[in-house]
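This briefing covers selected features of one structure, grouped by topic. The sequence and the model come first.

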Amino acid sequence: MSVRTIRLDEVEPQRWRNGGGFTRELLAWPRVEAWRLRVSVADVESDGPFSVFGGGVERWFAVLDGNGVELTVDGVTQHLTAESAPLRFSGEAPTECRLLDGPTRDLNLMLRGMRGGMFPAGADEPWRPRAAQCGLFSSVPGKCVGSTDIVAPARCLLWFDEAPASLTFIPDRADAAAIGWWLAATPQENAAWA
């Protein structure tokens, strides 16, 4: 079972053009300049608009830290906290973010020419990805069990270019609002590949 381990604290933050925060890109596949799949963590420091992504990009968003955000996507407003399910929306949709009470840290999954999603990881619960590729973003330390055991430090992305039949996350502690997130991606039918 081949897996990449990308620790959040080892990725250089990139400041946004509008100065409202910064992003750490954990994964861009197959290439940074022509990604089909992108996983990142954003630190949002002030209210403002999200970048627009055309070309059929599907976005998934989950709050990791902080008191949450109010996202207005295409005129529909939702409050999101670390206890909320991830929000799925179009990258083309005009999106405004308002911090509820201070900065937040958020997990983002973007798919272009792919289908998939982001799902809360349950402690010790097997997950059977129906995807070509998959990953785990661990909020707390633990181990990811498949055909072998893989150590998962806190704030780390484990990425499998070939999804195993089953994975289980066993956290060292389960007292966090969310222990982690499963991420899945598979090509859309007839998708054009670069």
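**Backbone outliers**

D74 counts as exposed because its relative accessibility is 55%. The model is a predicted one. The points below take up the backbone, then the strands, the pockets and the aromatic pairs.

- D74 lies in the loop between β7 (69–73) and β8 (76–80). Its phi is near 55°, a positive value in a residue that is not glycine.
- D124 also has a positive phi without being glycine, with a value near 65°. This residue is found in the loop between β12 (114–120) and β13 (133–138). With a relative accessibility of 46%, D124 counts as partly exposed, since exposed requires over 50%.
- The peptide bond that joins W29 and P30 is cis, with omega about 0°. P30 belongs to the loop between β3 (21–29) and β4 (37–44).

**An open sheet of three strands**

- Three strands, in the order β15-β14-β17, form an open sheet with antiparallel pairing. β15 (149–152) and β17 (168–171) each have a single partner strand and stand at the edges, so one side of each has no neighbour in the sheet. From one strand to the next, the twist averages 25°.
- β14 (residues 142–145) and β17 run antiparallel and are joined by four bridges. One of the pairings sets G142 against P171, its bridge partner in β17.

**Strand β16 and its partners**

- Strand β16 (residues 156–160) is largely enclosed by the rest of the structure, because five of its five residues are buried.
- In a regular strand, side chains alternate between the two faces of the sheet. In β16, C156, L158 and F160 point one way, while L157 and W159 point the other way; all are buried.
- Strand β1 (residues 4–7) runs antiparallel to β16, and four bridges join the two. T5 stands opposite L158 of β16.
- β13 is also antiparallel to β16, and here five bridges make the connection. L136 has L158 as its bridge partner in β16. L158 thus appears in a pairing with T5 and in one with L136.

**The largest pocket**

- The largest pocket has a volume of about 630 Å³. It is lined by 21 residues, of which W16, T23, R38, S51 and F53 are the closest to its centre.
- β2 (14–15), β3, β4, β6 (58–65) and β11 (104–111) are the elements that give two or more residues to this lining. β4 gives the most, with four residues.
- By class, the lining of the largest pocket consists of eight nonpolar, six polar and seven charged residues.

**The second largest pocket**

- The second largest pocket has a volume of about 160 Å³. Among the residues that line it are R115, F119, W127, R128, R130 and T186.
- At least two lining residues come from each of β12 and β18 (180–187). β12 gives the most to this lining, with four residues.
- The lining of the second largest pocket divides into six nonpolar, three polar and three charged residues.

**Aromatic pairs**

- A pair of aromatic rings is described by the distance of the centres and the angle of the planes. The count for this model comes to five aromatic pairs.
- F50 and F61 form a tilted pair, at 5.8 Å centre to centre and 45° between the planes. This pair links distant parts of the chain: F50 is in the loop between β5 (48–49) and β6, F61 is in strand β6, and they are 11 residues apart. Both F50 and F61 are buried.
- W60 and F119 have ring centres 6.3 Å apart and planes at 55°, so this pair is tilted. W60 in strand β6 and F119 in strand β12 are 59 residues apart, and their pair links distant parts of the chain.
- W60 counts as buried because its relative accessibility is 12%, under the limit of 20%. F119 is partly exposed, with a relative accessible area of 33%.
- W60, F119, W127 and W182 form one aromatic cluster. Of these cluster members, F119 and W127 are listed in the lining of the second largest pocket.

Notes. Residues numbered from 1 in each chain as written. Predicted model: local features only at pLDDT ≥ 70, side-chain atom pairs only at ≥ 80, totals over all residues. Heavy atoms only, no water. Pairing = 2+ DSSP bridges. Axes fitted to C-alpha atoms, helices over the stretch in contact; angles between N-to-C directions. Buried < 20%, exposed > 50% of the residue type's maximum accessible area, 1.4 Å probe, protein only. 1 Å grid on protein atoms, 1.4 Å probe; cavity = no way out; pocket = protein on both sides within 12 Å on 5 of 7 lines; lining within 4 Å. Points joined across faces, edges and corners; volume = space filled by probe spheres on them. Nonpolar A, V, L, I, M, F, W, Y, C, P; charged D, E, K, R; others polar. Phe/Tyr/Trp six-rings, centres within 6.5 Å; stacked < 30°, edge-to-face > 60°.
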